[in-house]
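User: I am new to this structure and would like a close look at one part of it, the cysteines and any link between them. Please take me through that part carefully, and then add a word on how helices pack.

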Amino acid sequence: MAIGWTKTSTGDTHLLASSNPIQMVMLVRSKKELFTDFIEREAKSRGLTAVVNGSFIDLSFGAKVAVHTSGSALDPKESTPVGEVIQEGKLIAGSTSPGKFNFSQDTCGTQRFAAHLGNPAASACAAIGGIAPIIIDGMPYGTQNLYRAGVPANAPATGDVVAPWLPFLVQKSNLMYTDLLKRGTDVGKTAVGYSKAKSRLVVLVQADDTSGDDANGVRTRLIGQGVDNAVFLDCSDSATLYYDGKFLVRPGTAKNEYLTVAVGFK
């Protein structure tokens with residue numbers, strides 16, 4: 001067991017938690033090698049306790065053909081991360097995605113993590129953008145906008161919420177969340193979250209094509225951990241978890257050939 005971390009597993013779903021000082025480290029593959037080989041090497045050289053898969057990835061048509069025919073690692077230049085990847089105040093991969101969300105450690109050396117709408121702060125110690133919300137500043141996300149009693153008439157069921165309805169909002173709709181929820185309980189999931197009250201980082205990874213929680217179930221589990229900021233990273237068979245020197249969840253064969261961005265913690 002890694003010092004300062006706790007791990008609980010239910011089937012092929014693993015939940016890690018730590019309230020110790022933690023450093024978030026963004027990893028970007030820069031040469032032709034399998035994603036798992038890249039993660040294992042970087043974890044050992046940087047002293048990382050846990051590493052998960054990160055960004056959603058866009059591929060050109062030619063690259064999509066290559067990963068299904070070549071049987072070898074794709075050149076990382078052919079994998080385009082969705083959202084900005086920041087390390088020590090520098091953009092190291094990806095591109096702007098202002099309509100999506102980010103997860104960041106804004107100041108190095110602090111046990112403080114946050115999730116926000118839009119691109120991460122350019123000055124962040126470590127951050128990943130282009131991802132889907134679960135809970136943002138205590139507000140849970142879901143398929144619909146939900147309101148407390150007394151909300152004025154005509155409050156929108158989905159989409160943006162403004163005055164006079166905003167003060168009554170208790171759940172915010174999001175299309176990326178909705179799409180994942182439709183995939184059900186068996187699809188792989190990668191989520192990271194943080195509890196301000198407990199100064200606790202929480203990582204949850206479910207292997208693809210295994211029985212687990214749907215998106216709502218993941219949200220419930222994170223709320224039970226006291227998490228007030230949480231996001232989904234790339235899910236499905238991208239789900240990957242390296243912990244305490246070994247892989248607990250490996251990505252699918254094709255994904256292993258072209259995934260580029262990982263999130264490490266030490």
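Analyst: What follows looks at the cysteines and then turns to a pair of helices. The model is a predicted one, and a search of the whole structure finds one disulfide in it. That disulfide is formed by Cys108 and Cys125, whose sulfur atoms lie 1.9 Å apart, within the 2.5 Å that a disulfide requires. The link of Cys108 and Cys125 is right-handed, with 95° about the S-S bond. Cys108 sits in the loop between β9 (101-105) and β10 (114-117), while Cys125 sits in the loop between β10 and β11 (126-136), so the pair ties together parts that are 17 residues apart in sequence. As for their surroundings, Cys108 counts as partly exposed because its relative accessibility is 40%, whereas Cys125, with a relative accessible area of 3%, is buried. Another cysteine, Cys235, has a relative accessible area of 7% and is therefore buried.

Turning to the helices, α3 (residues 175-182) and α4 (residues 215-224) pack at an angle of about 110°, with their axes 8 Å apart, which means that α3 is roughly perpendicular to α4. On the α3 side the contact is made by Tyr177, Leu180 and Leu181, and on the α4 side by Ala215, Asn216 and Arg219. Sorted by character, the residues of this contact between α3 and α4 comprise four nonpolar, one polar and one charged.

Technical notes:
Residues numbered from 1 in each chain as written. Predicted model: local features only at pLDDT ≥ 70, side-chain atom pairs only at ≥ 80, totals over all residues. Heavy atoms only, no water. Axes fitted to C-alpha atoms, helices over the stretch in contact; angles between N-to-C directions. Helix = DSSP H or I, 4+ residues; strand = E, 2+ residues; numbered from the N terminus. Parallel < 35°, antiparallel > 145°, perpendicular 65-115°, else oblique. Contact = heavy atoms within 4.5 Å. Nonpolar A, V, L, I, M, F, W, Y, C, P; charged D, E, K, R; others polar. Buried < 20%, exposed > 50% of the residue type's maximum accessible area, 1.4 Å probe, protein only.
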